[in-house]
Amino acid sequence: MRVVLALLTFYRNHVSPLKPATCRFYPSCSTYALWLLKNESFLKALFKTARRILSCHPFHPGGLDYPTTSKSLSPKFCAPNAFKLVYYLVPTSPGVHTYYILKVHS
C-alpha cells in the first residue's frame, strides 16, 4: 500500500502540474484515491478508484463525487466534544466560490 501512496503522491506533485486541469469530477481522481486508500481496505479502494477512472470519459457529465466508506469516521485533529459540527460547505465546482450547504444529521 505504501508503494501505491508514494506513486500517487509523486503523480500529484510532479506529473499533474505539467498537465492542464481537465478533471471532470470534484475532488480529482488522485485525491479520491488517496482518501480511499487511507480510509478503506486496499482492495475496495482499488476497485472504487478504478471504477471512478473508467467513468472519466467525454460522455459522463462528471460533477461532485465524494468517496464513500463502510468504516465509521471520527475527527483526527480535535477533541470529539470540542465542538458540534452542524453544516458542511461543499464547493459546487473547483475555483468557484459558491457552495452546497449540507446539514449534518445527529
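Here's a quick tour of two neighbouring helices and the charged pairs around them. Keep in mind that this is a predicted model. Helix H2 covers residues 29-39 and helix H3 covers residues 42-54. Most of the story is about how H2 packs, and then we'll turn to the two salt bridges that a search of the whole structure finds.

**How H2 and H3 sit together**

- The axes of H2 and H3 come within 9 Å and cross at roughly 165 degrees.
- An angle over 145 degrees counts as roughly antiparallel, and H2 and H3 are therefore roughly antiparallel to each other.
- As for handedness, H2 passes H3 in a right-handed crossing.
- On the H2 side, the residues that meet H3 are Cys29, Tyr32, Ala33, Leu36 and Leu37.
- Their partners in H3 are Phe42, Ala45, Lys48, Thr49, Arg52 and Ile53.
- Sort that contact by class and you get eight nonpolar residues, one polar and two charged.
- Here's a handy bit of background: an α-helix has 3.6 residues a turn, so residues three or four places apart point the same way.

**How enclosed H2 is**

- Eight of the eleven residues of H2 are buried, so this helix is largely enclosed by the rest of the structure.
- The buried ones are Cys29, Ser30, Tyr32, Ala33, Leu34, Leu36, Leu37 and Asn39.
- What do they pack against? The buried residues of H2 pack against H3 and also against helix H1, which covers residues 2-15.

**A closer look at Ser30**

- Ser30 is part of helix H2.
- Its relative accessible area is 9%, and the cut-off for buried is under 20%, so Ser30 counts as buried.
- Leaving aside residues up to four places away in sequence, Ser30 touches Leu8, Tyr11 and Arg12.

**The two salt bridges**

- Side chains of opposite charge can pair when their charged atoms come close.
- One pair is Glu40 with Lys48, where the closest N and O atoms are 3.7 Å apart.
- Both Glu40 and Lys48 are buried.
- The other pair is Arg52 with Asp65, and here the closest N and O atoms are 3.7 Å apart.
- Arg52 lies in helix H3, while Asp65 is in the loop between strand E2 (63-64) and strand E3 (87-91), so this pair ties together parts that are 13 residues apart in sequence.
- Are these two partners buried or partly exposed? Arg52 counts as buried, at 2% relative accessibility, whereas Asp65 is partly exposed, with a relative accessible area of 25%.

Key: Residues numbered from 1 in each chain as written. Predicted model: local features only at pLDDT ≥ 70, side-chain atom pairs only at ≥ 80, totals over all residues. Heavy atoms only, no water. Axes fitted to C-alpha atoms, helices over the stretch in contact; angles between N-to-C directions. Helix = DSSP H or I, 4+ residues; strand = E, 2+ residues; numbered from the N terminus. Parallel < 35°, antiparallel > 145°, perpendicular 65-115°, else oblique. Left-handed = near helix turned anticlockwise from the far one by under 90°. Contact = heavy atoms within 4.5 Å. Nonpolar A, V, L, I, M, F, W, Y, C, P; charged D, E, K, R; others polar. Salt bridge = Lys/Arg side-chain N within 4 Å of Asp/Glu carboxyl O. Buried < 20%, exposed > 50% of the residue type's maximum accessible area, 1.4 Å probe, protein only.
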